[in-house]
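Biologist: Please take one close look at the pocket part of this model for me. Give the cut-offs as you go.

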Amino acid sequence: MEFYFLGTGAGMPSKQRNVSAIALLHPKMTWLFDCGEATQHQMLHSPIKPRKVSTIFITHLHGDHIFGLPGFISTRAALEGTTLLTIFGPKGIKEWLEATLRITGTYLRYPLDVIEVEAGQSYEQEGFHIHVEALEHRFLAYGYRVEGQEEKGALRVEALKQLGIPSGPLYRQIKQEETFVFEGTEYQSTDFLGEPKPGVKLAVLGDTVPCEGSLRLAEKVDVLVHEATFADSEQDHAGRFGHSTARQAAEIALKAGAKKLLLTHISARYVDQEQRLEAEAREVFEESYLMTDHQSVVIKG
């Protein structure tokens, strides 16, 4: 499982960074978080296949987060995408998409399900639990928390061998079922498994100033994706426009008990001095990393 950053810039595209779009790659599915202008162009230089994308989460309706949606949706159909595409986003996303597709005469050969979210709502999506919280921006904005299912512990092979149970299909049954039978005796599978492994916990935040919603979403996550539009010297300016500094993002990660912080949504004014943002974040939270376009990060629980 990994994050793949298709666009890490703020506001408008630059030669170094496209606008917001992040893919979450899993063996069973591909998700997108935001879909700014030219996201499908970025995909041409990535391992991501548009027809494989099954779910898109939109954080808010500013253009640098959604202007790539109509083109992507259309291309997905042209590339023989036929499976359901689900889009989560703020109120207004459905009206905008329906009007755009109707006026442009765009024909989709697959079903499109647009779900307008509200703060505090939760969803089950492709085996993951999704929780939505409101953020504080100049515009209605949300963040998403993704939680995977708890995984069963590893087999206690030595304990199984002591009973004379040979390796083979029965080992698979022990991992998958509550009980198993060996030589006429029924056993509880949990007696032969190690401690269960917690499911992965991720948080992807849209544009925001530091707020309680950020902390709730980021609580004890394995990976927090947070905007870092400005440097610490421009904190007042960031606040006026509903954005965070890299240091503020790090403070959220620290307070929330996150394991790793990935910084994105970087202003073009920091070309050739972007590492300054990462350095400021690391003064607060050591596991802070500034993302670039086409960078991937493997997710470990």
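Modeller: A pocket is an open set of points on a 1 Å grid over the protein atoms alone, with protein on both sides within 12 Å along at least five of seven lines; a cavity is a set where a 1.4 Å probe fits but cannot get out; and lining residues have an atom within 4 Å of a point. Points are joined across faces, edges and corners, and a volume is the space filled by probe spheres set on them.

The model is predicted, so local features need pLDDT of at least 70 and side-chain atom pairs pLDDT 80 or more, while totals for chains, interfaces and linings use all residues. Residues are numbered from 1 along each chain as its sequence is written, and side-chain values use heavy atoms, without hydrogens or water.

Now the largest pocket. Its space comes to about 520 Å³. The lining has 18 residues. Nearest the centre are His-26, Phe-128, Gly-148, Gln-149 and Glu-151. By class, 6 lining residues are nonpolar, 6 polar and 6 charged. Here Asp, Glu, Lys and Arg are charged; Ala, Val, Leu, Ile, Met, Phe, Trp, Tyr, Cys and Pro are nonpolar; the others, Gly among them, are polar.

Follow Phe-128 away from the pocket. Phe-128 and Trp-31 form an edge-to-face aromatic pair, 5.6 Å centre to centre with 70° between the planes. Rings of Phe, Tyr and Trp (its six-membered ring) pair if their centres lie within 6.5 Å; planes under 30 degrees apart are stacked, over 60 edge-to-face, the rest tilted. Trp-31 belongs to strand 3 (residues 29-33) and Phe-128 to strand 8 (residues 128-134), so the pair ties together parts 97 residues apart in sequence. Strands (E, at least two residues) and helices (H or I, at least four) are DSSP runs, numbered from the N terminus. Both rings are on buried residues, Trp-31 as well as Phe-128. Buried means under 20% relative accessible area, exposed over 50%, partly exposed in between (1.4 Å probe, protein chains only).

The ring contacts go further. Ring pairs join Trp-31 and Phe-128 with Phe-33, Phe-57, Phe-88, Tyr-123 and Tyr-144 in a cluster. The model has 11 aromatic pairs by this rule. One of them is stacked: Phe-180 and Tyr-187, 5.3 Å centre to centre, 20° between the planes. Phe-180 has 1% relative accessibility, so it counts as buried.

Next, the second largest pocket. About 320 Å³ of space lies there. Of its 17 lining residues, Ala-10, Gly-11, Thr-229, His-243 and His-265 are the closest to the centre. The lining divides into 5 nonpolar, 8 polar and 4 charged residues.

Ala-10 leads on to enclosed space. It also lines the second largest cavity, along with others including Gly-9, Met-12, Arg-17, Ile-266, Val-271 and Glu-274. That cavity has a volume of about 50 Å³. Its lining has 5 nonpolar, 4 polar and 2 charged residues.

The structure holds 2 cavities of 30 Å³ or more. The largest has a volume of about 110 Å³. It is lined by 16 residues, with Ser-20, Ile-22, Asp-34, Leu-205 and Thr-264 closest to the centre. Strand 2 (21-26), strand 12 (201-205) and strand 13 (223-227) each supply at least two residues of this lining. The classes are 5 nonpolar, 8 polar and 3 charged.

Two loops deserve a look. Lys-220 lies between helix 7 (212-218) and strand 13. It is not a glycine, yet its phi is positive, about 55°. Lys-220 is exposed, at 59% relative accessibility. Asp-272 sits in the loop between strand 14 and helix 10. Its phi is also positive, about 75°, and Asp-272 is not a glycine either. Asp-272 is exposed, with a relative accessible area of 81%.

That brings us to helix 10 (residues 275-282). Its buried residues are Leu-277, Glu-278, Glu-280 and Ala-281. Down the helix axis they fall within an arc of 160°, so they line one face. The arc uses directions from the axis to the C-beta atoms. Helix 9 (246-256), strand 14 (261-264) and strand 15 (288-290) are among the elements covering these buried residues. Contact here means heavy atoms within 4.5 Å.
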